[in-house]
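Please open the model in your viewer with the backbone drawn as a cartoon, and keep the selection tool at hand. The tour goes from one group of strands to another, with a stop at individual residue pairs.

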Amino acid sequence: MTDHRPDDPLTYPVGRRPDHAECVEVAPGVQWIRMQIPIPGLDFINLWLIEDGDGWTIVDTGLRSKKTQAWWEEIFAKYLGGKPVTRVICTHFHPDHMGLAGWLVERFPGAVLWMSFGEWSFGRMLWLDTQEEMPEEVVRFYRRLGWGEQALAAFRKRGYNFYSQVVYDVPHGVRRIVDGESFQIGGRAWRVIVGQGHSPEHACLYCAELGLLISGDQILPRITPHIGIYPSEPDGNPLQLYIDSIDIFRPLPADTLVLPAHGDPFRGLPLRLDALAHHHDVRLERLYVACDKPQTALEVVPAMFSRKLKPDDMRLASAEGVAHLHCLMGMGRVVREMASDGVYRYRRAA
Ligand SMILES: [Zn+2]
């Protein structure tokens with residue numbers, strides 16, 4: 001592709017990126033769709049349309065917006081050949097993936113949503129939670145990380161949960177998919193590989209016959225998936241879950257064509273898995289070194305990043321930083337203590 005970086009060991013064999021309402025075939029019966037999303041740093045999401053006997057299977061759906069719906073309508077008119085969409089699979093609950101799942105199953109009566117149960121139920125829970133005020137429990141979560149009263153007041157003002165604004169009504173029911181399960185799409189077997197860390201039960205789809213892995217956000221070519229600590233699981237260790245998940249992809253053939261949700265389809269899966277593991281090792285080490293005296297999450301997290309963080313970056317960055325601190329705590333390398341001010345301090349274990 002045009003922006004190939006000389007130091008990038010991956011190859012990007014698909015010659016052309018699709019335009020908004022366009023499909024580019026990446027393997028027999030498997031079409032790549034690419035839609036713009038207003039998420040800084042991502043800009044586009046890849047969605048997949050797979051020919052499936054008398055119908056079509058869609059994998060991931062895009063953010064809920066009139067524009068995205070219009071792009072889908074154009075695609076339906078141009079590419080479906082009169083056959084309906086019969087199945088919608090979402091890799092995980094994030095709005096750019098699940099945002100139009102409900103609309104698609106309404107648009108094509110009879111179409112069924114397929115997801116892992118953890119992802120569907122988490123998405124449905126967030127969609128139903130329309131409370132506007134930030135609960136005290138959530139405010140306390142941020143206070144413990146070291147956010148001051150001024151920042152907390154700004155969080156309160158900004159609101160609490162925007163999920164239902166960017167996600168169409170989440171269907172009441174789901175056809176559950178589970179790790180290791182195989183099912184047919186278009187007469188070929190696709191196997192579910194569940195990864196963790198980025199989201200609770202992220203489903204990737206692997207087709208040995210076509211040599212394809214739809215990796216969602218679990219494995220991305222040029223950026224690392226966001227792994228953060230949030231109020232829904234304040235003491236979780238998602239980074240360890242993510243690192244453990246890297247190895248479950250190692251048995252796949254080295255020449256697998258990986259179809260990620262962001263960035264271009266690529267080859268070089270083993271190299272990418274190594275790079276992802278290395279990236280987190282480096283960041284863990286930086287944080288460990290920085291924990292030479294007791295510090296709050298907000299004080300210590302900037303040490304993990306090579307670039308200077310802007311104030312606007314701090315919320316996401318601190319969620320990632322705390323995920324790394326929890327990982328170090330899980331390894332027994334860092335301990336956390338709460339001082340009388342109700343804020344956690346992290347330091348190296350003695
Ligand atoms: Zn995601």
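Select Trp56 together with Val85 of strand E5, and you will see that these two residues stand opposite each other; bear in mind throughout that this is a predicted model. Widening the selection to the whole of strand E4 (residues 55–59) and strand E5 (residues 85–89) shows a parallel pair joined over four bridges. To follow the chain between the two strands, add helix H1 (residues 66–79), through which the path leads from E4 to E5 in a right-handed β-α-β crossover.

Stay with E5 and display its surroundings: is this strand mostly covered or mostly open? Four of its five residues are buried, so by the cut-off used here each of those four has 20 or more other C-beta atoms within 10 Å of its own. Next, select strand E6 (residues 112–115), which runs parallel to E5 and is joined to it by three bridges; within this pairing, Ile89 stands opposite Trp114 of E6.

Now move to another part of the chain and select strands E8 to E12, five strands that form an open sheet of mixed pairing in the order E8-E9-E10-E11-E12. Strand E8 (182–185) and strand E12 (257–260) stand at the edges, and because each has a single partner strand, one side of each is left without a neighbour in the sheet. Looking across the sheet, you can follow a twist that averages 30° from one strand to the next.

Finish at the E8 edge, where four bridges join E8 to the antiparallel strand E9 (residues 188–195), and where Ile185 has Arg188 of E9 as its bridge partner.

Technical notes:
Residues are numbered from 1 along each chain as its sequence is written. This is a predicted model: local features need pLDDT of at least 70, side-chain atom pairs count only at pLDDT 80 or more; totals for chains, interfaces and linings use all residues. Two strands pair if DSSP finds at least two bridges between them. Axes are lines fitted to C-alpha atoms, for helices over the stretch in contact, and angles run from 0 to 180 degrees between N-to-C directions. A residue is buried if 20 or more other C-beta atoms lie within 10 Å of its own, exposed if 12 or fewer, and partly exposed in between; C-beta atoms are placed from the backbone. A crossover is right-handed if, with the strands pointing away from the viewer, the path from the first strand over the helix to the second runs clockwise.
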